[in-house]
Amino acid sequence: MRCPIIVANWKLHKLRADTRLFIDGLLDRLGARGDDDWTSVEVVIAPPLTALAEARGALGGSPIELAAQAVSAERSGAFTGEVSAEMIADAGCRYCLVGHSERRQSYGETDAIVARKTSALLAAGVRPIVCIGETLAQRESGETERVLGHQIEVGLANVPAAQAFQLVVAYEPVWAIGTGVTARPGQAQQAHRFIRDTLERRFSSAAESIRIQYGGSVNPENVAQLMAQPDIDGALVGGASLDPASFAAIVQYDRREDMSS
């Protein structure tokens, strides 16, 4: 049974003081102070690099994990401004995003670069959250499966089956990111099913342990329907993760009826 994983991607938001206020508010809403098994999902926060240390301190002994938003493919050397996978691990991150559509579009992060970064993260003991997804033009021209298949084939080319369980794959249709337009649950499930089938061809039975998230305008109103789909194992949340009340409602999607009764 795959444990759902909900990730807050803050992108270019929040200073250190904002980070502590958010985490204090989130922990209070979740009742997540201490080491108790407080939720049925794994929760991860990806703050900006400058707020990682503040977030780590604010989380204390809670079960919430940290993620970085980006990483270099290089281990060390003359690469000004870059941050290595070992540095991310040293900062306390268990996860790191790779291949987010904004990194692909604005910073030229190709599938081949995604493959190198994924390998670097695994070597450093950090679990990659590998983002894939098609543009609106690609979907309208019927290329969704071709695009997703190529992103998986190239981006995960260097991952051995023995390490497949450490992967998280995030399906984020580019046309749904930050637009307020969410893929219908059936649309999302269809893409997730194709992704799982492709992973099974790549990793055989090891693919069953890989969690596949949906990302694209996830909010408290649509998360439960998305998570009800058999091949959706979590959510990569952008704008709705910037407010602790909103993000807590997403994390507790499966307990909302119990909480209101």
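## Exercises on salt bridges and helix packing

The side chains of E102 and K11 meet in a salt bridge, with N and O 2.8 Å apart. Keep in mind as you work that this is a predicted model.

**Exercise 1.** Find where E102 and K11 lie, and say what their pairing ties together.

*Solution.* Start with the elements: E102 belongs to helix α4 (residues 101-107), while K11 sits in the loop between β1 and α1 (16-30), so the salt bridge ties together parts that are 91 residues apart in sequence. Next, check accessibility. E102 has a relative accessible area of 31%, so it is partly exposed. K11, at 23%, is partly exposed too, because that value falls between the limits of 20% and 50%.

**Exercise 2.** Work out which salt bridges D231 forms with R193 and R196, and how the partners are placed.

*Solution.* Take R193 to begin with: its side chain meets that of D231 in a salt bridge at 3.4 Å, N to O. This pair links distant parts of the chain, with R193 in helix α8 and D231 in the loop between α9 (223-227) and β8 (234-237), 38 residues apart. Now turn to R196, whose closest N and O atoms with D231 are 2.9 Å apart. Here the separation in sequence is 35 residues, again between helix α8 and the α9-β8 loop. For accessibility, D231 is buried at 4%, R196 is also buried, and R193 is partly exposed at 32%. Finally, widen the view: R2, R193, R196, D197, E200, E208, D231 and D233 are linked in a network of salt bridges. The count for the model comes to 19 salt bridges.

**Exercise 3.** Describe how helix α7 packs on helix α8, and classify the angle.

*Solution.* Helix α7 (residues 144-155) and helix α8 (residues 185-203) pack at about 40°, their axes 10 Å apart. That makes α7 oblique to α8, because angles under 35 degrees would count as roughly parallel and 65 to 115 as roughly perpendicular. The crossing is right-handed. From α7 the contact takes E145, L148, G149 and I152, and from α8 it takes A191, F194, I195, T198 and L199. Sorted by character, these residues are six nonpolar, two polar and one charged.

**Exercise 4.** Decide whether P4 is buried or exposed, and list its contacts beyond four places in sequence.

*Solution.* P4 lies in the segment before β1 (5-9). Its relative accessibility is 17%, so P4 counts as buried. Leaving aside neighbours within four places in sequence, P4 is in contact with S40, V41, E42, R211, M227, D233 and Y253.

Conventions. Residues are numbered from 1 along each chain as its sequence is written. This is a predicted model: local features need pLDDT of at least 70, side-chain atom pairs count only at pLDDT 80 or more; totals for chains, interfaces and linings use all residues. Side-chain values use heavy atoms; hydrogens and water are left out. Axes are lines fitted to C-alpha atoms, for helices over the stretch in contact, and angles run from 0 to 180 degrees between N-to-C directions. Helices (H or I, at least four residues) and strands (E, at least two) are DSSP runs, numbered from the N terminus. Angles under 35 degrees count as roughly parallel, over 145 as roughly antiparallel, 65 to 115 as roughly perpendicular and the rest as oblique. A crossing is left-handed if the near helix is turned anticlockwise from the far one by less than a right angle, and right-handed if clockwise. Contact means heavy atoms within 4.5 Å. Ala, Val, Leu, Ile, Met, Phe, Trp, Tyr, Cys and Pro count as nonpolar, Asp, Glu, Lys and Arg as charged, and the others, Gly among them, as polar. Buried means under 20% relative accessible area, exposed over 50%, partly exposed in between (1.4 Å probe, protein chains only). A salt bridge is a side-chain nitrogen of Lys or Arg within 4 Å of a carboxyl oxygen of Asp or Glu.
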